[in-house]
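Here are some notes to read alongside the model on your screen. Take the points one by one and look up each place as you go.

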2 protein chains.
Amino acid sequence: MILNPNEWPPKYDNEYFPSPRDRYWFKEMETMDPSRRDEIIFKKLKAQIAYAYERAPFYRNKWDEAGIHPNQVKTFEDFRKIPLVYKQEIREDQAKNPPFGSYLCIPREQVFRIHGSSGTTGKPTAFAIGRDDWDRIGNAHARIMWGFGLRPGDSLFIGSFFSLYLGSWGALAGGERLRLTCFPFGAGLPGQTLMALRWIKEIRPTAFYGTPSFALYLAERAREEGFDPLKDFNFKTMFFSGEPGAGIPATKRKIEESYNCKCIDLGTMAEMTPWMTNGECEFRTGMHLWMDIVYTELVDPETKKGVAYGKEGVPVYTHLERTSHPMIRLFSGDLATWTNEPCPCGRTYPRLPKGMYGRADDMFLVRGENVYPSGVEGALREVAGFGEEFRIIITREKTMDELLVQAEYNREVAAKAQANPQILGQLKQEMEDRLKARIGVRANVELVEFGKIERTQFKARRVIDKRDLYK
Amino acid sequence: MILNPNEWPPKYDNEYFPSPRDRYWFKEMETMDPSRRDEIIFKKLKAQIAYAYERAPFYRNKWDEAGIHPNQVKTFEDFRKIPLVYKQEIREDQAKNPPFGSYLCIPREQVFRIHGSSGTTGKPTAFAIGRDDWDRIGNAHARIMWGFGLRPGDSLFIGSFFSLYLGSWGALAGGERLRLTCFPFGAGLPGQTLMALRWIKEIRPTAFYGTPSFALYLAERAREEGFDPLKDFNFKTMFFSGEPGAGIPATKRKIEESYNCKCIDLGTMAEMTPWMTNGECEFRTGMHLWMDIVYTELVDPETKKGVAYGKEGVPVYTHLERTSHPMIRLFSGDLATWTNEPCPCGRTYPRLPKGMYGRADDMFLVRGENVYPSGVEGALREVAGFGEEFRIIITREKTMDELLVQAEYNREVAAKAQANPQILGQLKQEMEDRLKARIGVRANVELVEFGKIERTQFKARRVIDKRDLYK
């Protein structure tokens with residue numbers, strides 16, 4: 001089944017299913033000669049950029065300034081003249097045009113769902129998604145979930161938080177479209193993990209979505225509580241995003257051995273949702289780039305020019321069927337290599353054989369959240385009593401990330417604390433609250449005296465990551 | 001518009017909308033003479049009980065034992081011979097027939113969503129909901145949300161936790177069907193309230209769903225943080241379930257004054273979802289009983305016989321369009337009076353003019369969760385080191401419920417603690433974790449020496465509620 005590429009945006013039939021024995025959701029599209037598929041992709045790309053140019057001042061101004069008009073885009077090479085989009089730009093555009101920025105292409109009252117980033121650099125980003133787009137997200141995810149082996153009748157436990165974070169919601173939208181029995185349990189509250197263990201044993205879901213570190217923590221906690229994940233649980237497929245873990249061979253093996261399951265690595269960026277368009281198939285040979293849903297390039301981190309298969313680069317994403325908040329050439333900042341060597345599944349998409357294994361900037365990931373040192377800094381500087389310098393230390397306690405922030409208090413606090421030592425406890429609490437609110441992740445604050453943290457002339461080495469996350 | 005009452009289960013048109021100026025979603029049904037509506041309700045009731053008898057061993061056995069067959073039900077009076085269902089029974093049935101009990105009327109692979117109670121008396125209850133039922137829930141909620149004034153173009157902030165708890169999910173299902181802009185933010189993590197304040201100011205949603213105590217806490221926290229809920233926020237309608245607060249005049253007034261909004265009281269039970277079928281209209285004269293969706297009786301707590309309008313009783317609920325987990329005559333345990341006096345809105349449903357203002361048993365509500373003393377007891381008795389007696393003290397700190405559990409430790413712990421005082425901290429932590437996992441609510445545990453809590457010969461007065469929740 002191939003949708004009419006002249007009809008844009010595409011309309012999917014929500015009742016469509018392949019035969020349960022088919023390996024593919026849209027066989028022809030997934031297995032065709034890439035050059036033929038490129039023709040279809042290019043038609044969608046043309047329609048998408050013409051739409052964005054017409055509706056979004058953000059893109060119109062940006063492209064006018066760069067001297068490129070959608071009409072001039074006649075080849076993929078032309079397309080690569082369109083300037084990249086950086087997260088910082090869309091944040092700034094939203095600040096100038098609150099709340100959704102000048103790249104929202106539908107009337108505000110047609111926004112169906114709002115989600116967001118937790119705002120690691122001061123101002124969070126809002127994601128506005130239209131009803132038809134939400135429907136297409138469900139269809140895309142169902143198709144990719146089918147590709148890694150889920151079928152109607154499977155039951156899906158979602159063990160990640162339901163709030164701003166789009167990961168959980170995207171898994172749910174796909175699970176609903178795929179007619180799975182969805183169990184959106186969530187995560188993150190004290191005591192909830194213990195509760196999860198009992199429910200998983202009781203219901204015996206066949207699939208799991210969450211972060212790799214939580215899955216490992218869950219297995220460990222299960223054994224402590226007298227459960228045997230291999231017998232008491234029934235997960236056949238566990239799929240992940242939010243962290244690179246599921247693509248790291250040692251971590252993947254540990255998850256597969258802990259649960260006797262297939263561990264599937266997925267994920268692009270929240271801005272791009274459907275985020276599963278980087279996604280492994282059941283053979284787990286690295287993430288396929290599902291190019292006819294989200295067009296993906298790999299560019300050199302410095303020159304920003306495309307790199308050849310076999311080389312390392314940064315994925316750059318372009319929506320092909322988005323009417324609400326389209327992203328055109330969004331620079332991800334992740335590092336990956338790519339290949340077009342065949343996969344046993346028969347799909348002809350390029351792949352990221354080692355997943356995404358690093359960052360081209362100073363962002364780091366803690367429990368699935370993107371955190372920038374500048375976000376930590378911003379939160380601390382909001383607190384009266386903060387000194388001047390800080391340091392971030394990330395460790396993995398058992399299998400969960402722990403974020404320690406060493407922060408100086410100023411001399412005024414030091415003086416007051418002599419008479420009233422409680423003031424330090426209050427300051428620590430306030431810093432922790434501000435950090436949680438700003439960066440979206442719980443941090444443990446350790447107060448240190450003013451001047452105790454080393455100053456440097458140039459760039460402070462403020463982040464110490466002890467996790468070996470990318471190894 | 002009246003659906004064909006001979007077609008059961010009903011199919012709703014998901015594209016249907018009344019004119020935005022209409023007060024009613026289904027005008028004729030909502031305003032007709034009650035005796036005429038009773039004819040329609042009775043047809044649905046007949047179809048529902050015949051369906052349940054045929055598909056559910058739970059009901060078939062129960063009714064056979066009571067000597068009543070659906071064929072014999074020719075009047076509402078006959079219907080009242082069907083035995084009541086108690087929560088304890090459905091828990092026991094699920095324990096015997098895990099995980100969904102013998103009252104699940106669809107094949108397990110057709111279950112679309114799983115939610116649950118947090119299991120306050122040892123074993124949680126699982127709620128299994130089919131896809132068509134989920135669709136009908138959305139339609140019912142949209143209709144009632146329309147009745148209290150929400151319209152497409154409104155934006156809905158959902159400030160309650162997305163997990164087992166059905167309240168948040170039901171509000172979302174209704175909001176989606178009503179084509180609101182839904183912002184499912186959630187609640188409950190440290191730092192999340194501060195984050196909520198910023199997002200609410202930024203997005204300015206026009207509607208809010210959550211618990212009344214959280215809404216009051218949010219207003220207070222907003223003022224502390226330098227926000228003015230009257231100016232910085234834009235809530236016109238705030239609707240609530242999970243606690244009686246929104247029906248208590250003083251609390252309702254406080255919420256309305258804090259936000260300059262209409263405060264709408266709603267809620268039946270999670271088992272009954274669509275839980276909004278007890279629901280106020282924009283005139284806030286007490287909850288209407290939306291009888292053609294869920295048939296509701298009021299019975300005497302002792303005799304279990306129906307009570308007349310004007311009298312106090314316990315609501316008893318019967319689904320009229322449920323194919324997955326139907327509840328037939330579920331005894332709620334809540335206390336209310338009811339009336340058939342007209343409401344200015346013109347709807348001809350009976351009402352609960354004072355909402356639900358008490359309990360007929362020892363259950364209590366903490367932050368929207370049902371908690372039984374027996375659940376607390378069960379959790380403590382799982383902990384090696386627990387002594388013998390305990391006491392539950394509930395307070396409201398500012399506007400949030402606080403649950404304090406005083407628990408004895410045994411003599412063995414007392415002996416060990418002399419050498420190693422840290423053992424008490426560990427015991428407290430373990431008790432708190434078990435309580436959270438079992439009763440779904442965070443409790444603060446205060447350890448006391450063995451024998452210090454008063455023993456009684458008969459029923460221990462184990463719950464001290466300092467909140468005046470029902471005043």
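**Notes for a first look**

1. Let's start in chain B: Gln422(B) is part of helix α13, which covers residues 422–439. This residue is exposed, because its relative accessible area is 60% and anything over 50% counts that way. If you want a long distance to try out in the viewer, go from Gln422(B) to Ile203(B): the two C-alpha atoms are 47 Å apart, with those positions 219 residues apart along the chain.

2. Before going on, keep in mind that this is a predicted model. Every value below is computed from it, so treat the numbers as a description of the prediction.

3. Now for chain A as a whole. How many helices and strands does the secondary structure of chain A have? The tally is 13 helices and 21 strands. Along the principal axes, the C-alpha atoms take up a box of roughly 75 × 60 × 45 Å.

4. The overall packing of chain A is easy to check. A compact globule of 471 residues would have a radius of gyration near 23 Å, and chain A comes out at 23 Å, so the two agree. Of those 471 residues, 62% count as buried. Looking at contacts in chain A with a separation of 6 or more, 67% are between residues 24 or more positions apart. As for the outside, chain A exposes about 18,300 Å², with carbon and sulfur atoms supplying 48% of that area.

5. A pocket next. The second largest pocket holds about 1,300 Å³ of space. Which residues lie nearest its centre? They are Asn14(A), Arg131(A) and Asp135(A), together with Asn14(B) and Asp135(B), out of a lining of 40 residues. So both chains show up here, and the elements tell a similar story: β1 (111–116), α6 (131–147) and α7 (166–177) of chain A, and β1 (111–116), α6 (131–147) and α7 (166–177) of chain B, each give at least two residues to the lining. By class, the lining breaks down into 14 nonpolar, 6 polar and 20 charged residues.

6. Two buried residues in chain A are worth a click. Thr273(A) sits in the loop between β7 (262–265) and β8 (278–279). Is Thr273(A) buried or exposed? Thr273(A) counts as buried because its relative accessibility is 1%, and the cut-off is under 20%. Leaving aside residues up to four places away in sequence, Thr273(A) touches Ile137(A), His141(A), Leu166(A), His319(A) and Arg322(A).

7. The other one is Ser155(A), in strand β3 (residues 155–158) of chain A. With a relative accessible area of 8%, Ser155(A) is buried. What does Ser155(A) touch, not counting residues up to four places away in sequence? The contacts are Thr181(A), Arg204(A), Pro205(A), Thr206(A) and Ala207(A).

8. Glu28(A) falls between those categories. This residue belongs to helix α1 (residues 27–31) of chain A, and a relative accessible area of 37% makes Glu28(A) partly exposed. The C-alpha atom of Glu28(A) is separated by 32 Å from that of Ile106(A), 78 residues apart along the chain.

9. Have a look at the backbone too. Trp8(A) and Pro9(A) are joined by a cis peptide bond, with omega about -5°. Pro9(A) is in the segment before α1 of chain A. In chain B, a cis peptide bond links Pro98(B) and Pro99(B), with omega about -10°. Pro99(B) is located in the loop between α5 (87–96) and β1 of chain B.

10. Last, an asparagine to view in each chain. What is the phi of Asn260(A) near? Phi is near 55°, a positive value in a residue other than glycine. Asn260(A) is in the loop between α10 (249–259) and β7 of chain A, and at 60% relative accessibility Asn260(A) counts as exposed. For Asn260(B), phi is near 55° as well, again positive in a residue other than glycine. Asn260(B) is in the loop between α10 (249–259) and β7 (262–265) of chain B, and Asn260(B) is exposed, with a relative accessible area of 61%.

Conventions: Residues numbered from 1 in each chain as written. Chains lettered and ligands numbered in written order. Predicted model: local features only at pLDDT ≥ 70, side-chain atom pairs only at ≥ 80, totals over all residues. Heavy atoms only, no water. 1 Å grid on protein atoms, 1.4 Å probe; cavity = no way out; pocket = protein on both sides within 12 Å on 5 of 7 lines; lining within 4 Å. Points joined across faces, edges and corners; volume = space filled by probe spheres on them. Helix = DSSP H or I, 4+ residues; strand = E, 2+ residues; numbered from the N terminus. Nonpolar A, V, L, I, M, F, W, Y, C, P; charged D, E, K, R; others polar. Rg over C-alpha atoms; globule rule 2.2 N^0.38 Å. Buried < 20%, exposed > 50% of the residue type's maximum accessible area, 1.4 Å probe, protein only. Contact = heavy atoms within 4.5 Å. Areas by Shrake-Rupley, 256 points an atom, 1.4 Å probe, with all protein chains shown as cover.
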